[in-house]
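Biologist: I should like to learn how a structural model is read, one feature at a time. May we begin?

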Amino acid sequence: MDLIVDLGPGTAGRTAAVYRALRAAILDGRIPAGRRLPSTRALAADLGVSRGSVAGAYERLVAEGFLITRVGAGTFVAAAPVARRPAGSPADPLRPRAGWTLVPEPVSGTGPAPRYDFRAGIPDARLFPFGAWRRLVAAELRLGANSPGTYADPAGHPALLSAVARHLGWSRSVRAAPGDLVITNGVQHALDLIARVLLRPGDVVAVEDPGYPPARRLFASMGVRVAGVPVDADGLVVAGLPDRARLVYVTPSHQFPLGGAMSLARRQELLEWARTRQAAIVEDDYDSEFRFSARPLEPLCTLDRSGRVLYVGTFSKSMFPAVRTGFLLAPPGLRPALVAARQIGDFHGQTAVQAALARFIDEGQFARHVRRAGRTYAARHARVVAALAATPGLEVLPSAAGLHVTALLRPGLDAARIVAAARRDGLALEELAAYAEDRSRAASGLVVGFGAVDGALIEEGLALLRPLTA
Ligand SMILES: Cc1ncc(COP(=O)(O)O)c(C=O)c1O
């Protein structure tokens, strides 16, 4: 019999090698159904292995139904053990459903960090107290803690729901009871739950343009029509909203990526628009723990009197993105469905991490970290703004929170060329047009993150822009 067996060195694993070779030959049709196999003695001699190895392989194939033995007659290949691939059909026939055209985006945090790392929205992991965090997580991973043998509440660990409710009260003036919240794996997961629960294929979802691409991609994946709406100095242009929008996704505290805060008048206009159109608003408050002005505007949801705002937040910036923890403050009519959607999707989050985070907040360590890191970020923000303001050809847009600022380029300057040339010098920053629905109509500018870059590297790195923008 023509049987190719890669036995490798030594005797260990020979039974498995004979088994694999026979199984592959049967599945490929090289040994057809009904064919009688050689005796174990003959095949062993042929392959130069012990008879026991061949007998072991036959036994396993019989047990799995690939072979049958007939007493006195020998061992045979069973009739059609599995359906074979018809000649000419592709080896990889499965495709996503119609309309699913997305592929994973490159991940910005992988690979060696550039020398001057001004990529948007990356917090400085060196500022985070990992020692204290590790102790808290380790304590929650004991056998006696958090009932590890059972499933947990899909809405989130009760201690974390309470801690987040308190945290929202003191840090953002948002009134929430633990029972109004759902803990999620970050904002992205919150958007996924909201979209599953609220949207139907064919609905219209309005997003800011320029805006946050992962949100746009998530809504697009649900088979809805995503409409980009312009943003001006007051925030999303409410007059530009499509009449039929069922959901509007906005970043009022720190527009991503332009950096401005939505004005009070625009907030009221948006709330009124949603009330009359019976639409929902998703308010993404992703990074305003770090703010650099005396009196920030309170979140949009605190002005909402018609129950149309879903407020989402994250610990990705205030701690670090890999902690994958965020929250969703849901109107009472939606919360049961949102909790059910969480349970259907993945049952619940990491209980030990949630319990540790509750203690991190309750013991004041989270607030201390945000205060300390916030001072560092405020200093970096001021240095970056000063360095950009001193760079010819740039107009820095006002921004009083978060981990990035945006600057417009003088007409005639080519942002793509500047970003590529800077990258060759080790300076990583982003093109504003990368966040626009249509690059060809986008304003020309640069998005400059300052979370991860420190000290003299700020001025040194941004000085590399001068010859490119002069
Ligand atoms: C607008 C916006 N929302 C949310 C996030 C973070 O989301 P997540 O909690 O999924 O990490 C970011 C991070 O860059 C962001 O820019």
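Modeller: The turns below take up the domains, the ligand site, two helices, a buried leucine and some backbone features. Please keep in mind that this is a predicted model.

Biologist: Into which domains is the protein chain divided?

Modeller: The division gives domain 1 (14-77), domain 2 (129-363) and domain 3 (368-469). Between the C-alpha centres of domain 1 and domain 3 the separation is 67 Å.

Biologist: Let us turn to the ligand. Which residues are around the ligand?

Modeller: A residue counts here if one of its heavy atoms lies within 4 Å of the ligand. The residues around the ligand are Gly186, Val187, Gln188, Tyr212, Tyr249, Phe256, Asp284, Tyr286, Thr314, Ser316, Lys317 and Arg324. By character, this shell comprises 5 nonpolar, 4 polar and 3 charged residues. Helix 6 (residues 186-198) gives the most to the shell, with 3 residues.

Biologist: Which atoms lie at short range from an oxygen atom of the ligand, and how is burial of the ligand expressed?

Modeller: For contacts, one looks for pairs of N or O atoms within 3.5 Å. Threonine 314 has a polar side-chain atom 2.6 Å from an oxygen atom of the ligand. In the side chain of lysine 317, an N or O atom is 2.6 Å from a ligand oxygen atom. Glutamine 188 takes part through its backbone, with an N or O atom 3.0 Å from an oxygen atom of the ligand. As to burial, the ligand taken alone exposes 390 Å², and the protein buries 91% of that. The general idea is that the size of an interface is often given as the accessible area lost when the parts come together.

Biologist: How does one read the faces of a helix? Which residues of helix 2 are buried?

Modeller: In helix 2 (residues 40-47), the buried residues are Thr40, Leu43, Ala44 and Leu47. Viewed down the axis of helix 2, these buried residues fall within an arc of 100 degrees, so they line one face of the helix. The face turned away from that buried side carries the exposed residues Arg41, Ala45 and Asp46.

Biologist: Is serine 53 buried or exposed?

Modeller: The cut-off for buried is under 20% relative accessible area. Serine 53 has a value of 9%, so it is buried. This serine 53 belongs to helix 3 (residues 51-63), and its side chain makes a polar contact of 3.1 Å with the side chain of serine 50.

Biologist: What of leucine 160: buried or exposed?

Modeller: Leucine 160, in helix 5 (residues 158-172), is buried, with a relative accessible area of 0%. Leucine 160 and isoleucine 183 are 23 residues apart in sequence, and their C-alpha atoms are 8.0 Å apart in space.

Biologist: Finally, what should one look for in the backbone?

Modeller: Most residues other than glycine have a negative phi, and most peptide bonds are trans. In this model, the peptide bond from aspartate 209 to proline 210 is cis, with omega near 5 degrees. Proline 210 sits in the loop between strand 5 (204-209) and helix 7 (213-221). The bond from phenylalanine 256 to proline 257 is also cis, with omega near 10 degrees, and phenylalanine 256 is one of the residues around the ligand.

Biologist: Where does arginine 324 lie, and what is its phi?

Modeller: Arginine 324 is placed in the loop between strand 10 (309-314) and strand 11 (326-329). Its phi is positive, about 40 degrees, although arginine 324 is not a glycine. Arginine 324 is partly exposed, with a relative accessible area of 35%.

Key. Residues are numbered from 1 along each chain as its sequence is written. This is a predicted model: local features need pLDDT of at least 70, side-chain atom pairs count only at pLDDT 80 or more; totals for chains, interfaces and linings use all residues. Side-chain values use heavy atoms; hydrogens and water are left out. A polar contact is a pair of N or O atoms within 3.5 Å; within protein, one must be able to donate a hydrogen and the other to accept it, and residues adjacent in sequence count only if both atoms are side-chain atoms. Accessible areas come from the Shrake-Rupley method with a 1.4 Å probe; for residues, only the protein chains shown count as cover. Helices (H or I, at least four residues) and strands (E, at least two) are DSSP runs, numbered from the N terminus. Ala, Val, Leu, Ile, Met, Phe, Trp, Tyr, Cys and Pro count as nonpolar, Asp, Glu, Lys and Arg as charged, and the others, Gly among them, as polar. Domain bounds come from an automatic or database domain assignment. Buried means under 20% relative accessible area, exposed over 50%, partly exposed in between (1.4 Å probe, protein chains only). The arc is that of the directions from the helix axis to the C-beta atoms.
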